[in-house]
Amino acid sequence: MKLRRLKAIAVKEVLQIWRDPRSLMIALLLPFTQMFLLGYGVNLDLKHLPVCTFDREGSQLSQDLFKHFQASQYFTIARNVQSYSQVVAAIDNADCSIAIVVPPDFSERLNDSGTASVQAIIDATDDNTANIAFGYAAAVVNGFSNDVQVSWIDRQGRPLQQVQPMVVQSRVWFNEDLESRNFIIPGLVAAIMALVGAQLTSLTISREWERGTMELLISTPVRPSELMIGKLIPYLVLGWLDAAFCLAIAALWFGVPYRGTLFALFVTTSLFLFVVLSIGYLLSVLIRSQVGASQIALLATMLPTMLLSGYIFPIDQMPPVIRDITYLIYARYYVTIVKDLFLKGSSIVELATPILFLIVYATAVMVLAAHAFRKRLD
Amino acid sequence: MNAREPGEPQIIAEELIKRFGTFVAVDHVNFRIGRGEIMGFLGPNGAGKSTIIRILCGLLRPSAGRALVAGIDVAADPERVRERIGYMSQKFSLYRDLNVEENLRFFGGIYRVPHNELADRMRFAIDMAGLRGREKALVSTLAGGWQQRLALGCAVLHRPPILFLDEPTSGVEPASRRRFWDLIHTLAADGVSVLVSTHYMDEAEYCHRAALINQGRLIAVGSPEELKHTALGGELLLLEGDSLGPTLAALTDAPGVLDCSVFGNALHVLVRDAARSLTELPALLEQKGLRPTRVEPIRASLEDVFVQLIAIDMAQRRQAA
C-alpha cells in the first residue's frame with residue numbers, strides 16, 4: 001500500500017464531498033433530525049394513562065379510590081361517565097386505555113364482608129401496554145386496600161401496629177430513575193450511526209461507475225486496498241462529526257448521564273465507524289448503481305439494526321435461534337458498548353468482548369471489500 | 001519520427017479473441033506496434049476497436065490469444081502493464097467536479113510522479129492542452145476539445161512509453177481535432193508508441209499505420225499509402241450514367257470486374273486492370289443498351305478503400321454463412 005496514492009484518493013474524495021454541498025448537508029443533518037425524532041418518539045415509559053371512571057355507587061369510598069388513581073403518576077382520569085355504553089365508547093375511540101368501574105354495592109360489601117371488587121376494562125390492542133396498565137392498576141388498588149385496612153383497624157380501637165413480615169429493599173443501579181429514555185437514547189445513537197454510516201459510503205464506488213470515471217481509474221496502477229482506505233478516511237471524519245452530534249445530543253439535550261471516558265468512546269466509535277463505512281463500501285463495490293447501492297444499504301441495515309441489535313428489544317429475551325443471529329448484527333456490539341459507556345461507565349477492558357467482535361467484523365468486511373473490487377470491466 | 005526504431009515491438013497481439021457469450025467481439029486479431037509508432041484503429045461503431053484496447057489495458061480478459069504490452073503479458077501481470085501505459089477511454093473519464101489542476105495532481109499522485117517533477121509535468125500538460133490561465137476552472141465548464149486535451153495531459157503525466165487513446169477526437173470540432181493529432185505526433189516523435197482509434201476515416205492519414213477493423217476482425221493493415229495502392233487488390237473506376245441499377249447488374253459478372261458498388265450518384269468499379277477495363281466495359285455496356293456518361297480511373301481515397309474493403313468483407317461473410 002502506497003501512502004502517496006492513499007493521499008491522492010483521500011484529497012480527491014474530500015474535494016468531491018465539498019463540491020456537493022447538498023449531499024454534505026444531508027449527511028450532516030440526517031443524524032441530527034433522526035436523533036430528535038426518534039429520541040422523542042421512542043419512549044417505553046407508561047405514564048399518565050388516560051382512565052375512564054364509572055362510579056355506580058357514588059360514595060365517599062369510591063371517590064377515595066379514584067383519588068388514588070389520580071394521585072398516581074401512571075394514571076390521569078380523563079373521563080367520568082355514567083353508563084356502560086359510554087365506557088365502551090371511551091375505549092373504542094381510544095380516549096381512554098383503561099376503565100375502572102365501581103359496583104353499586106362497593107361500600108356495602110366492603111363493610112359487610114370486608115372484601116369488595118372493582119372492575120377494570122383494559123384496551124389490549126397493544127398487549128404490552130395492557131399488561132403494564134393492569135399491573136399499575138392492581139398496585140393502585142392494593143395500595144388503596146391497605147389504607148382501608150389500616151383505617152378499619154384504627155376504627156376498631158386497637159393499637160395501630162404495622163404488620164409487615166417482609167419487605168424488599170431494592171436499589172436500582174445504572175439507570176436509577178428507571179427511565180427508559182436513558183436506556184434507549186444511547187442505543188439510538190448506535191442505530192442511527194449504523195444507518196447513516198452505510199449510507200455515506202454506499203455511493204462512493206457506484207458513483208464512479210455511473211459517471212464513467214472508474215474505467216480510467218482501474219486502468220491505473222492503484223490497488224483496491226489503496227482505493228478503499230483512501231475513500232474511507234474522509235468518510236471516517238464525516239462519520240465522526242455525525243457521531244459527535246448524536247452523542248452530544250444524547251448527553252446534553254436528553255440528559256442521559258455519561259459515565260465512561262472520552263478515550264473509550266473515541267476508540268469504540270472509530271472501530272464501529274470502520275465497520276459500517278466498509279459495509280457501505282462493500283455494497284457500493286457489489287452494486288454498480290448508486291440508487292441500488294443506497295437502497296440495499298438502507299434495507300440491509302435498517303431492519304436488522306432496529307429489531308436485532310438490542311437497541312429496543314432485549315437480546316436475552318429473544319428465542320435462541322434469533323439470539324444466535326444477532327451475533328451477525330454488528331450494531332449490537334456498539335449498542336452494548338454505548339449503553340455501558342453511558343450508564344455503567346465501563347472501561348475498555350470491561351468492553352473487550354464487543355470490541356473484539358467489532359475488530360473481527362471490521363477486518364472481515366474490509367478484506368472482503370478489497371477482494372470484491374475487480375479492476376476489470378468483465 | 002526518427003525515434004521510430006525497429007527493435008522489439010511495444011505492443012503485440014497474437015490471435016486475440018474475445019467473446020461475450022456467443023457474440024465474438026474480437027476475432028483472431030494479430031498486430032504489432034513499434035516504438036514511436038502511431039497505429040490507427042479504424043472501423044464502424046461496434047467493430048471491436050474499444051474491446052481490443054481494453055484488453056491491452058488489462059480491463060478485459062481475452063478469451064484466447066496473447067497480448068504483450070511493453071514485453072509484459074497483460075493477462076498475467078496487468079499491474080505492471082498499467083504502470084507503463086496511459087489510457088484515454090472512449091467516454092470522458094476525468095472528474096468533472098474537480099478543476100484542471102486537481103485532476104492533474106490526482107493522477108500525479110496515483111502514478112506516484114516524483115514530487116520534484118510534478119510541478120514541471122503539470123505545467124507541461126497544461127501548456128500542451130492550451131489550458132494556461134484556466135488551471136482553476138472546473139472540468140465540467142470546459143469545452144469538449146479542451147477536456148480531451150486535458151485527458152491526454154493526464155494520460156501522459158507519468159511519461160508512459162505506451163499510449164492507448166480510444167476515440168480521443170470524437171465530438172471534437174475539426175480545428176481542435178487537428179491540434180490533437182499534432183500533440184500525438186509530438187509524443188510519438190519522443191518515442192511513445194500510440195494506439196489510437198477513431199471513426200473519422202480521414203484521420204487514418206495522420207497515422208503511420210492504420211488497421212481497418214470490421215466485426216471484430218482486422219481486415220487490412222498498412223500505411224495510408226499502402227492501403228490506397230494495394231489493399232483493394234485492384235484499381236478503381238468511376239462510372240456515371242442514368243440507369244445505375246441495370247448498369248450495376250450488368251457489371252457484377254463482367255470479366256475483369258472484381259467488385260462494384262454505388263457511391264453517391266455514381267458507381268465505383270473495382271477492376272483488375274484499369275487501362276483494359278476502360279476500353280472493355282463501355283463496349284460491354286453498349287451491347288446491353290447502356291451508355292454511361294463518364295468512365296474514368298480514380299485515385300482511391302482512404303474512405304473509398306475502407307468502404308470497399310468493408311463491403312467485400314461483408315459479402316465474403318455472407319457467402320461463408
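Arg159(B) lies in the loop that runs between H5 and E7 of chain B. In this predicted model, the residue has a positive phi of about 50°, although it is not a glycine. Most residues other than glycine have a negative phi. As for its surroundings, Arg159(B) is partly exposed, because 15 other C-beta atoms lie within 10 Å, whereas a buried residue would need 20 or more.

Let me proceed from that loop into the strand. E7(B) covers residues 162-166, and five of its five residues are buried, so the strand is largely enclosed by the rest of the structure. In which directions do the residues of E7(B) point? Ile162(B), Phe164(B) and Asp166(B) point one way, while Leu163(B) and Leu165(B) point the other way. In a regular strand, the side chains alternate between the two faces of the sheet. Please note that Asp166(B) is among the buried residues here, as are the residues on the other side.

E7(B) has pairing partners that I should describe in turn. With strand E6 of chain B, residues 85-88, E7(B) pairs in the parallel sense over four bridges. In this pairing, Leu163(B) has Gly86(B) standing opposite. With strand E8 of chain B, residues 193-198, the pairing is again in the parallel sense, over five bridges. There, Leu195(B) in E8(B) is the residue opposite Phe164(B). What connects to form a unit with E7(B) and E8(B)? Helix H6 of chain B, residues 174-189, joins these strands in a right-handed β-α-β unit.

I turn now to the helices. Helix H3 of chain B, residues 100-110, is packed against by H4(B). Ten of the eleven residues of H3(B) are buried, so this helix is largely enclosed by the rest of the structure. The buried set includes Leu104(B), Phe106(B), Phe107(B) and Ile110(B), and also Glu102(B) and Arg105(B). What covers these buried residues of H3(B)? The cover includes H4 and H5 of chain B, together with H1 of chain A.

That last element brings in the other chain, and a word on the interface is in order. In total, 21 residues of chain A are in contact with 22 residues of chain B. On the chain A side, helix H1 (3-18) and helix H9 (213-217) each supply at least two residues. The largest share, seven residues, comes from H1(A). By character, the chain A residues that touch chain B divide into seven nonpolar, five polar and nine charged.

Returning to chain B, H3(B) is followed by Arg112(B), which sits in the loop between H3 and H4. Its phi is near 50°, a positive value in a residue other than glycine. Is Arg112(B) buried or partly exposed? With 16 C-beta neighbours inside 10 Å, Arg112(B) counts as partly exposed, because a buried residue requires 20 or more.

Next comes helix H4 of chain B, residues 115-128. At 1.5 Å a residue, its 14 residues should span 20 Å, and the end C-alpha atoms are 20 Å apart, which agrees. Within H4(B), the residues Met122(B), Ala125(B) and Ile126(B) are buried. They cover an arc of only 95° around the axis, which puts them on the same side of H4(B). The face turned away from that buried side carries the exposed residues Asn116(B), Asp120(B) and Asp127(B). Against what do the buried residues of H4(B) pack? They pack against helix H3 (100-110) and helix H5 (144-156) of chain B. After H4(B) comes Gly130(B), with a positive phi near 70°.

One further position deserves mention. Gly58(B) is placed in the loop between helix H1 (49-56) and strand E4 (64-69) of chain B. Gly58(B) is buried, because 26 other C-beta atoms lie within 10 Å. Leaving aside neighbours within four places in sequence, Gly58(B) is in contact with Val74(B), Pro78(B), Val81(B) and Arg82(B).

I close with chain B as a whole. Chain B has ten helices and 14 strands. Its C-alpha atoms fill a box of roughly 80 × 45 × 40 Å along the principal axes. Of its 321 residues, 44% count as buried. Among contacts in chain B between residues at least 6 apart in sequence, 70% join residues at least 24 apart.

Definitions and conventions: Residues numbered from 1 in each chain as written. Chains lettered and ligands numbered in written order. Buried ≥ 20, exposed ≤ 12 C-beta atoms within 10 Å, placed from the backbone. Contact = placed C-beta atoms within 7 Å. Nonpolar A, V, L, I, M, F, W, Y, C, P; charged D, E, K, R; others polar. Pairing = 2+ DSSP bridges. Right-handed = clockwise from strand over helix to strand, strands pointing away. Expected span 1.5 Å × (residues − 1). Arc of directions from axis to C-beta.
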